[in-house]
Amino acid sequence: MYFDAASTAPLHPVARQALIAALDEGWADPARLYRSGRQARMLLDAARETVAAVLGARADEIAFTASGTQAVQLGLLGALAGNRRRGGHLVHSAVEHSGVLHVAERHEGTGGEVSVVPVDRGGRVDPAAFGALLRPDTAVAALQSANHEVGTVQPVGEVAELCAAAGVPLLVDAAQSAGRVDVPAGWSLLTASAHKWGGPPGVGVLAVRKGVRYASPLPTDEREGGRVPGYVNVPAIVAAAASLRAVRAEAERENARLHGLVERIRARVPQLVPEVEVVGDPVRRLPHIVTFSCLYVDGEVLLTELDRAGFAVSSGSSCTSSTLTPSHVLAAMGVLTEGNVRVSLPYGTAEADVERFLAVLPELVAGVRAPLGLDLPAPGATTAAAASPSLLVIDALGKRCPLPVIELAKRIGEVSPGGTVAVLADDEAARLDIPAWCAMRGQDYAGEAPAAEYGGDRGSAYLVVRRTT
């Protein structure tokens, strides 16, 4: 059962049919004037018209790129270059796709300024907070339509009004929502990615409204309106456009069905699995994504066990990433970054498959937790008064994802109510997960201090005050 549509959706049957046909009819260079070139050009123009109609743009505002990430990066860099006389200030939310973050990092490295808008625990920005960061020298702002890790839908319309009033172009990354829901109004630049809606990989979309100042950050090329250099993949673009039209036609019915399945997962996982937090906005979210975090679980191990059981899911846990750093989305939200599972249902997901997932998940989580000593006294359990000091130091130095939190959970009952537990850790994830654990378990997080103050030779001491209840 493939439950990772947010990463890439299975190829839509319409896309497959269109791709095969276009390989025969649209293989020639669309810039040439001979018959096969003109035929390829007609297919490319028709695909551009289709994509523009679905996205609410004009055909001449649409350029095709090699990926959604490339579209985002070209869009931001082009808007920064086009508005350089206005200034070098970039604003984006804390939960944008990494493509945005990489542009921001490069922009800062070359002397530009970047402001990051925080999000609430549901992963949503406050429009007023976004607007407050806009300045006279702001060249461009970026806000995704919906988050790729937790599904939270952003208030793009409200932010777009504030940007328009300030004269700031707004780039909207619609990779997760294009084809599934209506494109939000008010954008100046819009990006999307075909493989997210069931088109072939290798096709991105960059839309730039007429009148928006844009200067290509790459050498000039005559193709794609001068915005994207290089030869276009006409068959893949045709397949992308055909599948976009198809999924949009199915969206209302299929979204309602998937929304019901996701609601079932959101409600039942916390009932079936102890110590689980469902993250993301519970109401303002995409219909096919649900994300939850399991305390005391190694995310990589859990995903491996789910794979063995026949389920392909994703995670924002640091222990499942190649960089071994916590998800910037989960960190910005202030939720648990370990033991994280993202379920994103593709079109056509069967109810029976969701029921089987709910049936096997509790046993798999229990199996992952079993070797970690969680059959010891439960978190918060009391002990005899004589054995309850007011300070307990837990040495978790050298331990990673999610062992520092597990040690805290197992031993907090050893300290007297109102007493402090100092967890010594040198894993960066502990800085995020220990406060998140406190929020989940009703304990008080008192901040961090140098580990040396509590006998450690490196890292930090994360201080937790045990509540009396």
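This report walks through a predicted model, from its confidence scores to its cores, one helix pair and a few single residues.

Some ground rules come before the details. Residue numbers start from 1 along each chain as its sequence is written. Because the model is predicted, local features need pLDDT of at least 70 and side-chain atom pairs count only at pLDDT 80 or more, while totals for chains, interfaces and linings use all residues; side-chain values use heavy atoms, with hydrogens and water left out.

**Confidence**

The protein's average pLDDT (the predictor's confidence in each residue, from 0 to 100) comes to 91, and 94% of the residues score at least 70. Residues 375-387 are a weak spot, with pLDDT under 50 throughout. For that stretch the model has 19 contacts beyond four places in sequence, a contact being heavy atoms within 4.5 Å.

**The cores**

In soluble globular proteins, nonpolar side chains tend to be buried together. Here the largest nonpolar core has 55 residues, and Ile62, Phe130, Leu170 and Trp197 touch the most other members. (A nonpolar core is a set of buried Ala, Val, Leu, Ile, Met, Phe, Trp, Tyr and Cys residues joined through side-chain atoms within 4.5 Å; buried is under 20% relative accessible area, exposed is over 50%, and partly exposed is in between, using a 1.4 Å probe and protein chains only.) Helix α7, residues 234-272, is the top contributor to this core with ten residues. Helices here are DSSP runs of H or I with at least four residues, strands are runs of E with at least two, and both are numbered from the N terminus.

Take Trp197: beyond its neighbours within four places in sequence, its contacts include Ala9, Ala178, Val205, Ala240, Leu244 and Val247. Apart from the largest core lies another one of 29 residues, with Val262, Ile265, Val290 and Phe292 among them.

**A helix pair**

Helix α11 (residues 403-411) packs against helix α12 (residues 430-441) at an angle of about 30°, and their axes are 9 Å apart. Axes are lines fitted to C-alpha atoms over the stretch in contact, and angles run from 0 to 180 degrees between N-to-C directions. On the α11 side the contact uses Pro404, Val405, Leu408 and Ala409, and α12 answers with Ala430, Asp433, Ile434 and Trp437.

**Single residues worth a look**

Most residues other than glycine have a negative phi. Two residues here go the other way: Glu275 has a positive phi of about 55°, and phi of Tyr296 is near 65°. Glu275 sits in the loop between α7 and β8 (276-279), whereas Tyr296 is in the loop between β9 (289-294) and α8 (299-308). Glu275 is partly exposed, but Tyr296 counts as buried.

Val273 shares that α7-to-β8 loop. Leaving out residues up to four places away in sequence, Val273 touches Leu361, Pro362, Val365 and Arg369. Its C-alpha is 20 Å from that of Gly260, 13 residues apart in sequence.

Gly78 is in helix α3 (residues 68-82). With the same exclusion of sequence neighbours up to four places away, Gly78 touches Arg213, Tyr214, Ala215 and Pro217. Gly78 and Gly199, 121 residues apart in sequence, are 26 Å apart from C-alpha to C-alpha.

Here are the accessibilities of these four residues:

| Residue | Relative accessible area | Class |
|---|---|---|
| Glu275 | 28% | partly exposed |
| Tyr296 | 5% | buried |
| Val273 | 2% | buried |
| Gly78 | 0% | buried |
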